[in-house]
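Colleague: I would like to learn how to read the features of a model like this one. Please take them one at a time.

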Amino acid sequence: MAAIRLLQAEITGKCQARCVHCFNDSGPKGSNGTMTADDWRRVFRQAADVGTEVIQIVGGEPMLHPALPDLIAHALNLGVRVEVYSNLVYVPSRVWDLLTHPRMSVATSWYSADPAEHNRITGRPTHARIKANILALVARSVPLRVGVIDIDPRQNASQALEELRRLGVTDCGIDRVRHLGRATTTTSPDTSQLCGHCGQGIVTVLPSGDVVPCPMGRWLVAGSVHSNSLADLIDPVTALARHEIPAATGVTCRPPCEPQCHPGQDQCAPEKDGCVPTKNCNPAQPCKPRNPCRPDVTCRPTP
Ligand code: SF4
């Protein structure tokens, strides 16, 4: 039977922010699409049935979805790990109650140590609220990973990373902006913006019910959970990703292959750190972490 390790559930396109680089064009006018809470519960159950280890709930801003607390609780009851990828502008009290569950984690993006610069990127005065919620998560020891999205040179991403570490965030790194959605520079979708890991044990369901290899590769639709079970769409979406995306991994690979190593992490995770192995990178060789906390780590690179 086809299996996946990660389901990315994009439960909404609605967001309070309107970031200049948003790859799926989310914002205040976005919607929860055609997927009801019952639909999501059914998909989560189907994901658990095919061995999914992690359900990552993303948006838009998932904290704005009224069913989020119930969906988190449902996923935890299925025995999987749950990560909420949020902008952390607002966290409902019912979600706070769930975040200390041992199988919960949170991920977010961060832009600048300078509040004005940060707010310019998000299009709203978000810096202070996000910072306060980061501090609250750290204080509660909720596993938190933060990516600094390097959008333009004025932003000083390194300084932003230093600020995160001062706030107590240990799992953080710098990622590149993807030129998709509001950040696009082309008239048609560009597979070169994808990391190449799409569809490899990972499936994304969009608010429309469409099944795609990755939230960023949202035009690569293999089918819909409204008319098929998730299990029936895993092989088609994997095949679609393999057919459409190899050119992206081969042509646009960029040196250096330097995934950051995070304390306590068993393996480097280049897809997590925004590392794109070079064309000549040998997947069988260990990557060389920039922060060598675990020098013996083995890279999980693109095949
Ligand atoms: S990048 Fe995230 S926070 Fe910004 S508009 Fe898009 S979904 Fe919202």
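**Reading the model**

Modeller: Start with the ligand, which is surrounded by Cys15, Ala17, Arg18, Cys19, Cys22, Ser26, Gly60, Asn87 and Arg182, each with a heavy atom within 4 Å of it. This is a predicted model, where local features need pLDDT of at least 70, side-chain atom pairs count only at pLDDT 80 or more, and totals for chains, interfaces and linings use all residues. Residues are numbered from 1 along each chain as its sequence is written, and side-chain values use heavy atoms, with hydrogens and water left out.

Colleague: How does the shell around the ligand divide into nonpolar, polar and charged residues?

Modeller: Ala, Val, Leu, Ile, Met, Phe, Trp, Tyr, Cys and Pro count as nonpolar, Asp, Glu, Lys and Arg as charged, and the others, Gly among them, as polar. Here the shell has four nonpolar, three polar and two charged residues.

Colleague: How many disulfides are there?

Modeller: A disulfide is a covalent bond between the sulfur atoms of two cysteines. With the rule of a sulfur pair within 2.5 Å, the count is zero.

Colleague: Is Cys15 buried or exposed?

Modeller: Buried means under 20% relative accessible area, exposed over 50%, and partly exposed in between, with a 1.4 Å probe and protein chains only. Cys15 counts as buried because its relative accessibility is 10%. Cys214, at 16%, is also classed as buried.

Colleague: In what order do the strands form the sheet?

Modeller: Strands of a sheet pair through backbone hydrogen bonds, either parallel or antiparallel. Strands (E, at least two residues) and helices (H or I, at least four) are DSSP runs, numbered from the N terminus, and two strands pair if DSSP finds at least two bridges between them. In this model nine strands make an open sheet with mixed pairing, ordered 6-5-4-3-2-1-7-8-9. Its edges are strand 6 (171-176) and strand 9 (223-224), each pairing on one side only.

Colleague: What joins strand 5 to strand 4 and to strand 6?

Modeller: Strand 4 and strand 5 run parallel and are joined by five bridges, with Thr108 opposite Val146. Strand 5 also pairs with strand 6 in the parallel sense, over six bridges, and there Cys172 is the bridge partner of Val146. Five of the seven residues of strand 5 are buried.

Colleague: Which elements do the buried residues of helix 2 pack against?

Modeller: Contact means heavy atoms within 4.5 Å. The buried residues of helix 2 pack against helix 1 (37-49), strand 2 (54-58), strand 3 (81-85), helix 3 (93-99) and strand 4. Seven of the ten residues of helix 2 (68-77) are buried, including Leu68 and His74.
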